[in-house]
Amino acid sequence: MKRSTLTTFVSLALLLSGSALADDQTLREKAARAGLAPLPETVPDPAGNPVTPEKVQLGKKLFFEPRLSASGLISCNTCHNLGMGGDDNLPTSVGHGWQKGPRNAPTVYNAVFNRAQFWDGRAADLKEQAKGPIQAGVEMANRPDQVVATLKSLPEYVTWFGEVFPGEDDPVNFENVVKAIEAFEVKLVTPGAPFDRFMNGADRAMSDEQKAGLVLFVDRGCTACHNGVNVGGQNYFPFGLIKRPGADILPPEDKGRFEVTHSASDEYVFRAAPLRNVALTAPYFHSGQVWDLKQAVSVMGTAQLGAELGDAEASQIAAFLRSLTGVAPQILYPELPVETAATPRPQL
Ligand code: HEC
Ligand code: HEC
């Protein structure tokens, strides 16, 4: 090979490999500018609720405790199954007496990063949120006084609450129940997704198809609503901003945030769904009517952007969304106290 040809060859090779690296770095910067970010290593304690290891352990027991429900059968984990992406994979949840609820269960993983809880953001934080399902007639159908009576009938809980909330006269109370559950939920984060590893510098953590999907996710405007560390969960938008989906996907009776604010402009407004682990949490939308992630992407294109995404584009974006599947914490299933003569009996 002539020397000049060799030089050209070498510099071309350098240029190519250099530009591949630069492309990854450019993509990272593009994603960051669009408001996307890797999950943080640590989560700050929720306001007014310092997180201690003992509180987390108590919260874990309560999360798996079916006796928080009137039937003694339904725990938080029934609908937020931690082995199944933190949800129940049903269109809408089934609760007390086999009743169907009106909405799809979102995942509890990374919920701590959401600006507010529920599809309509009606609970400000996880502590407030946890009071809802325990009392909802179609969920656990219980009452705070009954929950406290149940826990007080189980001596182990009395000891644990005393240890976790020292110096309180009457530590077994409803407020402390939800504080402990919140402390456990703060630990339900899933770092280490291919997207996070890519954002933290590992060029090869995402496939080329996933990277192409990320480019589209930003360029097509998905990040206008799905941004932040949880790729959503930050703000409210009309579902059907450009074109309202059919009544199967957007049932007319659920007006979303309107029920919270009673402002006409909030009709059919919902929180932009957080998209972390979305590959694990079908079916999609608050109605739970779409099982296929690619189809959910296409629905979003039409409804929110007025764009008919091509088949290849929808596939690439779905591939990117699969790069948001992180590593769930290892959770040892807790031993729960055995009932006593004083424990309220199941009401089925
Ligand atoms: C019968 C099923 C069921 C049970 C039991 C249940 N949930 Fe839920 N959960 C749901 C549904 C459905 C929603 C969404 C409701 C809505 O948005 O109106 C939800 C929403 C949530 C959210 C909000 C997540 C987000 O992204 O907004 C959290 C957190 C949560 N539940 C935690 C809990 C905890 C903690 C318990 C136990 C105390 C519990 N849930 C019990 C079905 C259930
Ligand atoms: C104008 C704001 C907006 C834009 C733009 C937008 N979304 Fe959404 N997205 C939402 C809202 C709001 C929801 C919740 C809809 C509901 O109530 O079910 C949602 C839900 C979703 C869901 C369902 C998640 C689940 O857990 O059920 C997916 C997937 C999704 N969006 C992907 C995308 C993609 C991909 C794009 C770009 C093509 C996009 N979105 C653009 C606001 C938006």
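A residue counts as near a molecule when its C-beta atom, placed from the backbone, lies within 6 Å of it. Keep that cut-off in mind for this tour of a predicted model.

**Stop 1: ligand 2.** Select ligand 2 and show what surrounds it: you should find 26 residues. The closest are Cys222, Cys225, Phe270, Phe285 and Met300. Now colour helix H11, residues 293-305. This helix gives the most to the shell around ligand 2, with six residues. Colouring the shell by class brings up 19 nonpolar residues, six polar and one charged.

**Stop 2: ligand 1.** Move on to ligand 1, which is also surrounded by 26 residues. Label the closest: Cys76, Cys79, Gly95, Phe118 and Pro133. Which elements give two or more residues to this shell? They are helix H3 (76-79) and H4. H4 gives the most, with five residues. By class, the shell around ligand 1 holds 16 nonpolar, eight polar and two charged residues.

**Stop 3: H4 and its partner.** Stay with H4, residues 126-135, and add helix H7, residues 174-186. The two helices pack at an angle of about 115°, and their axes are 8 Å apart. H4 passes H7 in a right-handed crossing.

To see where they touch, select Leu126, Lys127, Ala130 and Lys131 in H4. Across from them in H7, pick Val178, Lys179, Ile181, Glu182 and Glu185. How do the residues of this contact divide by class? Four are nonpolar and five are charged, with no polar ones.

Note on methods
Residues are numbered from 1 along each chain as its sequence is written. Chains are lettered from A and ligands numbered from 1 in the order in which they are written. This is a predicted model: local features need pLDDT of at least 70, side-chain atom pairs count only at pLDDT 80 or more; totals for chains, interfaces and linings use all residues. Axes are lines fitted to C-alpha atoms, for helices over the stretch in contact, and angles run from 0 to 180 degrees between N-to-C directions. Helices (H or I, at least four residues) and strands (E, at least two) are DSSP runs, numbered from the N terminus. A crossing is left-handed if the near helix is turned anticlockwise from the far one by less than a right angle, and right-handed if clockwise. Two residues are in contact if their C-beta atoms, placed from the backbone, lie within 7 Å. Ala, Val, Leu, Ile, Met, Phe, Trp, Tyr, Cys and Pro count as nonpolar, Asp, Glu, Lys and Arg as charged, and the others, Gly among them, as polar.
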